[in-house]
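Please open the structure in your viewer and keep the sequence panel beside it. The tour begins with the whole protein and then moves on to selected strands and a single side chain.

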Amino acid sequence: MTTPGPLPLDGVQVIELGNYIAAPTTGRLLADFGAEVIKIERPHTGDELRNWRLKKGNVSMLYRTINRNKKSVELDLRSELGRRAILDLVAESDVLVENFRPGTLEKWGLGPDVLSEANPDIIVTRISAFGQTGPLSRRPGFAAVAEAFSGFRNLVGDPDRAPVRVGVSIGDSIAGLYAAFGTVMSLFQRLALRDAANATESDSTPPTPQKPTRHVDVALHEAMFSMLESLIPDYGAYGDERIRSGGRMEGIAPSNAYLCGDGGSIVVAGNGDGIFKRYMEAIGRPDLAADQSLQTNAARWDRRDELDSAIEEWSLQRSTDEALGILESAGVPAGPIYSASDIVNEPQFIERDMIQYLEVSTGVETLQDVGFPGIVPVIGDKSLPIRALGPDLGADTDEILAQRLGMSADEIRTVTKRA
Ligand SMILES: CC(C)(COP(=O)(O)OP(=O)(O)OC[C@H]1O[C@@H](n2cnc3c(N)ncnc32)[C@H](O)[C@@H]1OP(=O)(O)O)[C@@H](O)C(=O)NCCC(=O)NCCSC(=O)C(=O)O
C-alpha cells in the first residue's frame with residue numbers, strides 16, 4: 001500500500017450502505033480522494049458484486065476495483081444491535097451513502113430522519129432507480145431499466161435495429177458521480193455555514209435563519225436523463241423525436257467509425273466547419289472541401305451517407321496506423337478503437353499512471369502485477385496511487401465495531417451472524 005501526501009477529503013468520514021455499482025461508486029470516489037469510507041456488508045455474502053464476472057476464487061476484480069480504498073465491516077442491518085451500531089457510527093461521521101430500494105432503510109428504522117436525529121449534521125446521500133419521491137419511487141431497478149426509462153437507451157444503436165445497452169453500467173456510474181458531487185456540495189455548504197456561524201459570533205450579523213436540507217436524492221433515470229443534452233428542447237422547439245443514429249453523431253457530420261484495410265477501425269470526428277475542409281483535403285477529396293453546399297453541419301448531415309462512403313473508400317485503402325497518421329498530420333480529431341490489451345500498452349495511459357499494477361487476492365490465490373485503473377480526475381500531473389484494493393469481507397469489522405464503537409465479542413458475533 002502506498003501512502004500519498006495529503007488528500008482533498010482527508011478527515012471526511014463516510015458510511016457506505018452500498019451494493020452493486022451505484023452507491024459503491026460514490027464511496028469509491030470519496031475514498032479515492034482521502035475520505036475514510038466504511039462499507040457495511042451483509043453478513044456471510046457481502047456485496048453481491050463480489051461474485052460479478054468472477055472467473056477465479058471468490059472475490060471478483062470488479063469488487064476489488066469499485067471498492068478500493070475502503071474498509072469492510074460485516075453487519076446485519078436488520079438486527080437491533082446492527083441498527084444501533086449504524087447510529088453510533090453516524091454520530092461520528094459526515095456522510096452516509098446508500099442505494100437500497102426506497103423504503104428499505106425506513107423499514108429497518110434507519111430512515112433519514114432517524115439518521116439526522118443521531119447526527120444533525122450528517123449528509124444522507126441516497127441513490128435509487130427513480131428517486132425517493134414520485135409515483136414510481138418504490139420500484140426496484142437496475143441501471144438498464146433506468147437507462148431505458150430516461151430516454152438514453154433509445155439513442156444507442158442503429159436506427160433500424162432494437163436499441164442496445166452500452167457495454168458498462170453507465171447509469172450506475174453517472175448516478176454515483178452525481179451522488180459524489182451532491183455530497184461534496186453539501187460538505188462544502190456545511191463548512192461555509194460553520195464559518196459564517198463562527199464569524200457571526202464575533203459580530204452583530206444575524207445568524208443564517210434556515211438550516212439547508214442535507215439529503216441528496218439521486219435517481220438513476222434522472223442521472224441519465226441529464227446526459228441527453230437538448231433532447232427535450234429539440235422536441236419542444238422543432239418537434240424532433242430523436243432516435244439512435246448508430247456510430248454517427250445526430251445532426252453533426254461527418255462523425256463516425258470507419259473500417260480500414262487491415263481490418264481495424266478508426267473513429268473520426270470531423271465535427272467542425274474548418275476541420276471538415278482539412279479532413280476532405282486529407283482524404284484526397286478537395287472537391288468536397290470546396291463544395292459550397294457542404295459548409296454547415298446541417299447540410300453535411302443531409303448528405304451523411306455520401307460523405308461516409310467517400311471516407312470509408314479512403315480508409316479501406318490504408319492500414320489503421322497509416323490512416324490515423326494522415327489525419328493527425330492534417331489536424332483532424334481521430335483515434336483508434338482500443339481494447340484492454342491496447343490500453344495497457346498505450347503510453348498516454350502509462351505516463352499518467354492510469355494503469356497501476358498491484359498484487360491482488362482472488363480470495364483463494366494471490367495474483368501478481370494485475371493492472372487496475374487509476375484515479376480520475378488527475379490532481380497534479382498523474383493519477384494518485386491506489387492505496388488499497390477492495391477489502392476482504394469484514395476485514396475491518398473488529399477495528400470498527402470493537403475498537404471504535406466498543407462492542408463486545410458477543411455483540412459482534414450477533415451482528416456479523418458468526419457462530
Ligand atoms: C438493487 C435493487 C433492485 C435490489 O432490490 P432488493 O434486493 O429487492 O431490495 P432492497 O434494496 O430493499 O435490499 C434489501 C436486501 O438487501 C439485503 N442486504 C444488503 N445488505 C444488508 C445488510 N448489511 N444487512 C442486512 N441485509 C442486507 C437484504 O438481505 C435484502 O435482501 P432480501 O433478503 O432479498 O430482502 C434495489 O436495491 C434498488 O432498486 N436499488 C436502487 C437502485 C440501484 O442502486 N440499483 C442497482 C444498481 S447497480 C447495477 O449494478 C446495475 O444496474 O448494473
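How much area does the protein expose, and what share of it do carbon and sulfur atoms supply? With the whole protein selected and a surface drawn, the exposed area comes to about 21,200 Å², of which carbon and sulfur atoms supply 54%.

Before going further, bear in mind that this is a predicted model, with an average pLDDT of 95 for the protein and a score of at least 70 for 97% of the residues. The model also carries an ipTM of 0.96 and a pTM of 0.94.

Now switch to a cartoon, in which 18 helices and eleven strands can be followed through the protein. Turned along its principal axes, the set of C-alpha atoms fills a box of roughly 80 × 55 × 45 Å. If you colour by burial, 44% of the 419 residues count as buried, and among the contacts with a separation of 6 or more, 68% join residues that lie 24 or more positions apart. Colouring by charge picks out 43 positive and 60 negative charges, whose mean positions are 5 Å apart.

Next, select residues 36-41, which make up strand E2, together with residues 70-74, which form strand E3. These two strands pair in the parallel sense over five bridges, and E3 is mostly covered, with four of its five residues buried.

Stay with strand E2 and centre the view on Ile40, which is found there; the bridge partner of Ile40 in E3 is Val73. Is Ile40 buried or exposed? Ile40 counts as buried because its relative accessibility is 5%, where the cut-off for burial is under 20%. Showing the side chains around Ile40, and leaving aside residues up to four places away in sequence, you will find that Ile40 touches Ile15, Glu16, Leu17, Val73, Leu75, Leu77, Ile86 and Leu89. For a distance to check in the viewer, draw a line from the C-alpha of Ile40 to that of Ile21, which is 19 residues away in sequence and 14 Å away in space.

For the last stop, select residues 355-361 and 366-373, which are strands E10 and E11, and note that they pair in the antiparallel sense over six bridges. Within this pair, Gln356 stands opposite Phe372 in E11. E10 and E11 form a hairpin with four residues between them, and in the turn you can pick out Gly363, which has a positive phi of about 100 degrees.

Terms used
Residues are numbered from 1 along each chain as its sequence is written. Side-chain values use heavy atoms; hydrogens and water are left out. pLDDT is the predictor's confidence in each residue, from 0 to 100. Buried means under 20% relative accessible area, exposed over 50%, partly exposed in between (1.4 Å probe, protein chains only). Contact means heavy atoms within 4.5 Å. Accessible areas come from the Shrake-Rupley method with a 1.4 Å probe; for residues, only the protein chains shown count as cover. Lys and Arg count as positive and Asp and Glu as negative; His and the chain ends are not counted. The place of a charge is taken as NZ of Lys, CZ of Arg, CG of Asp or CD of Glu. Two strands pair if DSSP finds at least two bridges between them.
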